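Please look over the sequence and the model shown below before reading on. The notes that follow take up a few sites in turn, grouped by topic.

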Amino acid sequence: MSYADNYKLKDDIHMAADLHLHTIASDGSWSPHELVKNAREIGLSTISITDHDTIDGIEPALRSKGSDMEIISGIEFSTDYCRQEIHILGYGIDIYNQDLQELLSILQKDRVQRAQAMVKRLNAMGKYIDYSLVENIAGTGSVGRVHIAQALVKKGYANNINECFRKYIGNNTPAYVRREKLSPKQIIETILEMKGAAVLAHPGKNLNDDLIPLLKNYGLSGIEVLHPSHSIAQIRKYSQLAKKLKLLTTGGSDCHGAKGKDQRYLGTVKIPNRWVYQLKSFLASL
Ligand code: AMP
Ligand code: FE
Ligand code: FE
Ligand code: ZN
């Protein structure tokens with residue numbers, strides 16, 4: 001039994017929140033409407049949509065939700081610290097803020113250019129895909145490597161998305177192209193300027209723990225303790241660290257829908273409502 005399961009038994013009725021979710025606005029497979037519907041069906045009462053570098057899924061989700069569901073605005077930024085990719089979640093940001101929208105439109109343009117460069121590399125390797133196919137798959141969403149992977153699978157160059165990341169587009173593979181990313185300091189400061197909470201996403205995935213106090217000095221508000229990639233030992237470690245550094249604790253399933261990335265389904269990680277209250281109190285205090 002995992003720590004999360006164990007926690008669930010003790011605190012079951014109080015665990016109805018998932019604060020890390022993706023939609024078709026980035027590389028998820030559900031529309032915001034479908035996500036809200038599915039979240040309601042499994043009994044979630046609070047969710048946050050945290051698409052990569054975009055907030056476009058939030059407004060449609062707000063329109064779909066009933067009075068029985070709360071949606072906290074969210075986003076997942078990719079940042080770069082000395083070539084280490086660090087994901088930072090932003091909660092409670094004002095999605096109508098002009099500066100935020102300008103920043104996001106720059107990030108979207110970068111994503112398109114980088115995806116085009118990756119397609120060029122793939123073509124040079126004999127994996128012929130047209131950028132328009134990637135564009136069609138991404139639709140109006142924030143274009144990313146998952147969409148390129150879907151195009152490769154569609155063209156028969158790989159059996160699944162994982163294989164594409166392993167062979168062609170994962171970090172340190174031949175067709176991978178780095179995006180110029182903002183630093184964690186810049187992103188944390190931006191989120192705080194938007195009166196949001198800046199939360200370090202899935203630190204257990206790839207992060208050097210020594211960086212966490214540094215991020216705290218930049219103004220980090222919280223740390224994602226519960227995530228499907230975290231072992232029980234990591235969950236304990238990050239809970240203790242959060243306490244020590246006076247950081248909020250959050251968590252979520254990082255669900256990308258019914259297919260695609262890691263098959264992580266909704267409901268695999270729920271967090272105590274207490275954590276949601278603490279996040280909301282923090283946001284209200286800004
Ligand atoms: P990008 O933001 O375009 O660099 O794409 C990174 C995203 O691709 C991550 O946030 C994940 O959603 C997804 N991803 C990364 N590695 C894998 C993998 N091995 N299999 C499937 N999806 C992945
Ligand atoms: Fe993703
Ligand atoms: Fe992430
Ligand atoms: Zn995510």
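His20 is buried, because its relative accessible area is 0%, below the 20% under which a residue counts as buried. The model described here is a predicted one, and the points below cover its metal ions, the surroundings of ligand 1 and an enclosed cavity.

**The zinc ion (ligand 4)**

- His22 also counts as buried, because its relative accessibility is 0%.
- Both of these histidines hold the zinc ion (ligand 4) through their NE2 atoms, and the remaining protein donors are Glu76 (OE) and Asp254 (OD), with the donors lying 2.1 to 2.2 Å from the ion.
- Along the sequence, the donor residues of the zinc ion (ligand 4) follow the spacing H-x1-H-x53-E-x177-D.
- The arrangement of the four donor atoms around the zinc ion (ligand 4) is irregular, because the angles that they subtend run from 80 to 171°, whereas a tetrahedral set would need all angles to lie between 85 and 135 degrees.

**The iron ion (ligand 3)**

- Glu76 serves two metals, since this residue bridges the iron ion (ligand 3) and the zinc ion (ligand 4), which are 3.6 Å apart.
- Besides Glu76 (OE), the protein donors of the iron ion (ligand 3) are His87 (ND1) and His202 (NE2), and the donors lie 2.0 to 2.3 Å from the ion.
- In sequence, the donors of the iron ion (ligand 3) are spaced E-x10-H-x114-H.

**The iron ion (ligand 2)**

- Asp27 appears twice, through OD atoms, in the coordination of the iron ion (ligand 2), alongside His52 (NE2) and His256 (NE2), at distances of 2.0 to 2.7 Å.
- The spacing of these donors along the chain is D-x24-H-x203-H.
- A distance of 4.9 Å separates the iron ion (ligand 2) from the zinc ion (ligand 4).

**Ligand 1**

- Ligand 1 is surrounded by 13 residues, of which the closest are Asp27, His52, Arg111, Arg114 and Arg145; Asp27 and His52 are also donors of the iron ion (ligand 2).
- Asp27 places a polar side-chain atom 2.9 Å from an oxygen atom of ligand 1, and an N or O atom in the side chain of Arg111 is 3.0 Å from an oxygen atom of the ligand.
- Arg145 approaches ligand 1 through its backbone, where an N or O atom lies 2.8 Å from an oxygen atom of the ligand.

**The cavity**

- How many cavities of 30 Å³ or more are counted? The count comes to one, and the largest cavity holds about 30 Å³ of space.
- The residues that line the largest cavity are Asp53, Phe77, Ser78, Leu107, Arg179, Lys181, Leu182 and Ile187.
- Sorted by class, this lining consists of four nonpolar residues, one polar residue and three charged residues.

Terms used:
Residues numbered from 1 in each chain as written. Chains lettered and ligands numbered in written order. Predicted model: local features only at pLDDT ≥ 70, side-chain atom pairs only at ≥ 80, totals over all residues. Heavy atoms only, no water. 1 Å grid on protein atoms, 1.4 Å probe; cavity = no way out; pocket = protein on both sides within 12 Å on 5 of 7 lines; lining within 4 Å. Points joined across faces, edges and corners; volume = space filled by probe spheres on them. Nonpolar A, V, L, I, M, F, W, Y, C, P; charged D, E, K, R; others polar. Donors = N, O, S within 2.8 Å, 3.2 Å for Na, K, Ca; no water. Tetrahedral: all angles 85-135°; square planar, octahedral: opposite > 155°, others 65-115°. Buried < 20%, exposed > 50% of the residue type's maximum accessible area, 1.4 Å probe, protein only. Near = heavy atom within 4 Å. Polar contact = N/O pair within 3.5 Å; in protein donor to acceptor, adjacent residues only side chain to side chain.
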